[in-house]
There are 2 protein chains.
Amino acid sequence: MTATATQHRIDTYPTRNNGEVKVMPREDAVVWGSASDGPLDQATLDGYDAKGYLSIDRLVSDDEVAEFHRELERLSKDPEVRADERCVIEASSQEVRSVFDVHRISPVFKRIANDPRVVDRARQLLGSDVYIHQSRVNFKPGFEGKEFMWHSDFETWHAEDGMPAPRAVSISISMTDNYSYNGPLMIMPGSHREYVSCDGATPEDNYLKSLVMQGAGTPSKQILTEFYDRYGIDVLEGQAGGAVMFDSNCMHASNGNVTPFPRSNVFIVFNSVENTIEEPYAAAKPRPEFAGSTDFTPAGQP
Amino acid sequence: MTATATQHRIDTYPTRNNGEVKVMPREDAVVWGSASDGPLDQATLDGYDAKGYLSIDRLVSDDEVAEFHRELERLSKDPEVRADERCVIEASSQEVRSVFDVHRISPVFKRIANDPRVVDRARQLLGSDVYIHQSRVNFKPGFEGKEFMWHSDFETWHAEDGMPAPRAVSISISMTDNYSYNGPLMIMPGSHREYVSCDGATPEDNYLKSLVMQGAGTPSKQILTEFYDRYGIDVLEGQAGGAVMFDSNCMHASNGNVTPFPRSNVFIVFNSVENTIEEPYAAAKPRPEFAGSTDFTPAGQP
């Protein structure tokens, strides 16, 4: 897209316009495919449409979970990975908290990110081929697991990565059991139907901070309180090997974790190939490749 | 007790001995009264004996809860209360987080702390008259409610207040609904049967810090992990107006709270009149009166 074209494009989801904060109805569909596309049945699609997420009790085997742990362990010890900007290391403990771009860095995570169990579901929800917008493995330790404040991923992907519409889905595959007490994913069910524009402008290189903490892209307390009154909160418990798929515009968060029980997961974002990213809608320059990929090759191809 | 007598007393629950950290079986009973004393029945007493806590679905009425909120509001605005060292104010927001000694400061909280619904249960559990060792009202706001690390209250009360044995019970009366997501009380059920001595020595005026954060009196991560494997975690959900009573030696904690939903409660500690406090077991001087009362007048007397 040329600079002039970018300037004149219509922005259905404006945000970070320095002060204008509002809640707008979502313009786009949530479910783009149908039950006949499989593997998700009509009831599951309807649930996803209404709540903005779906849970899968058992997506991968215990052996696969064990393999993921070994691979995360291996990556965490690899000096080359640790030195890479795609690796987030906690300053005080020197422990690895996240590794981004794992579908490129690691053969193990590349395989699961292209596995039919994952890709077919994403394809069905988005009604088209899908590509990987972002991937990562997260490790939230016991005793000191940090909280993550309420946000819609799409708001950031739109503002900072130039994703036109919320036609993207995230899958979080649990590598540990999720209890209510170890900082699991919390979603406001139904919140994906409303788009919240955020205050302020995007600071330069915001991603360097926002990968570990948050500033721009966080809705106001007042709006979050209204959303809470309207939608409530679902706490997503579930066993290791299970997964949650959630719409890119879900309002979600997680609490900290003082329990001895850690929490880790594989996280992959699929975007529709009909929704590929352009220039950022509210940032001076796009985030790096590992945060918002420009490789639109469909996932799951042989 | 004279200085010599203090020096020679036998300490069944040693702690903060600069380095010696161990787990010991509890020497004392948990339930001292019997079902015939009422109002708690045998099954409830057995549950308390085994788990170290009991829940009461409905202890006070909605009107009483509303009255507690108004009273907390009033105290939070009173300049005299705010200036008092018994009032804990969060530095950045200037919001009141806790008011201690509310059974002395406030007629409303004095009444509930001496109410038969509360006192009769405490008396039955401890098998004697009881007095108020400490009282407070806590307010944990939405969005930024802080976590509280795992600890046994008795370890602190023994070390810093000179409480001889774990013959004390806390009651937490909920002024808000407790969901798994708004930082509720978490207890390791059964942990009250073991006593964990802690590392290090008590810093002078430790209470000034430990009322808002923790240092001395926190068990090691290794012991907490072993406890978690042995006992697991119960998350204490429940409605406003309900209550939890828990043994002074329960290992308990609470997570932070990023949800919009706040959490507040009235908290009263009853100690047996046969277990009144002496010189601290592991501190240079006792904490102030509002943290460990030396008024042993039985509660609930007309």
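Visitor: Which residue of chain A meets the side chain of Glu144(B) in a salt bridge?

Guide: This is a predicted model, in which local features need pLDDT of at least 70, side-chain atom pairs count only at pLDDT 80 or more, totals for chains, interfaces and linings use all residues, and side-chain values use heavy atoms, with hydrogens and water left out. Residues are numbered from 1 along each chain as its sequence is written, while chains are lettered from A and ligands numbered from 1 in the order in which they are written. A salt bridge requires a side-chain nitrogen of Lys or Arg within 4 Å of a carboxyl oxygen of Asp or Glu. With an N to O distance of 3.1 Å, the partner of Glu144(B) is Lys221(A).

Visitor: How many salt bridges and how many residue pairs in polar contact does the interface of chain A and chain B hold?

Guide: The salt-bridge rule finds two across the interface of chain A and chain B. A polar contact is a pair of N or O atoms within 3.5 Å; within protein, one must be able to donate a hydrogen and the other to accept it, and residues adjacent in sequence count only if both atoms are side-chain atoms. With both residues at pLDDT 80 or more, the pairs in polar contact between chain A and chain B number ten.

Visitor: Which element of chain A gives the largest share of the side that touches chain B?

Guide: Helices (H or I, at least four residues) and strands (E, at least two) are DSSP runs numbered from the N terminus. Two or more residues on that side of chain A come from each of strand S6 (148-152), helix H10 (221-231) and strand S12 (251-254). The largest share is four residues, and it comes from H10(A).

Visitor: How many residues on the side of chain A that touches chain B are charged?

Guide: Ala, Val, Leu, Ile, Met, Phe, Trp, Tyr, Cys and Pro count as nonpolar, Asp, Glu, Lys and Arg as charged, and the others, Gly among them, as polar. On that side of chain A, 16 are nonpolar and seven polar, and the number charged is three.

Visitor: Which three residues supply 31% of the area that chain A buries against chain B?

Guide: Buried area is the accessible area (1.4 Å probe) that two parts lose on being put together, summed over both. Chain A and chain B bury about 2,000 Å² between them, with 67% on carbon and sulfur atoms. The 31% share, more than any other three residues supply, belongs to Phe143(A), Tyr181(A) and Val258(A).

Visitor: What percentage of the contact residues of chain A recur in chain B?

Guide: Superposed by least squares on the C-alpha atoms of residues with pLDDT of at least 70 in both, chain A falls on chain B after a rotation of 180 degrees with 0.0 Å of shift along its axis (RMSD 0.0 Å). That is the relation of a two-fold axis. The same surface serves both copies, and the recurrence of contact residues (heavy atoms within 4.5 Å) is 100%.

Visitor: Is Phe143(B) buried or exposed?

Guide: Phe143(B) lies in the loop between strand S5 (130-140) and strand S6 (148-152) of chain B, and its phi is positive, about 70 degrees, although it is not a glycine. Most residues other than glycine have a negative phi. Buried means under 20% relative accessible area, exposed over 50%, and partly exposed in between (1.4 Å probe, protein chains only). At 13% relative accessibility, Phe143(B) counts as buried.

Visitor: What is the relative accessible area of Asp101(A)?

Guide: Asp101(A) sits in the loop between strand S4 (96-100) and helix H5 (102-105) of chain A. Asp101(A) is not a glycine, yet has a positive phi of about 65 degrees. Asp101(A) is buried, with a relative accessible area of 3%.

Visitor: Why is helix H8 of chain A described as largely enclosed by the rest of the structure?

Guide: At the start of H8(A), a side-chain oxygen of Ser152(A) comes to within 3.2 Å of the backbone nitrogen of Phe154(A). Just after H8(A), Gly162(A) takes a positive phi of about 80 degrees. The helix (residues 153-161) is largely enclosed because, of its nine residues, the number buried is nine.

Visitor: Which residue is joined to Gly38(A) by a cis peptide bond?

Guide: Most peptide bonds are trans. Here omega is about 0 degrees. The residue joined to Gly38(A), in the loop between strand S1 (23-25) and helix H2 (42-51) of chain A, is Pro39(A).
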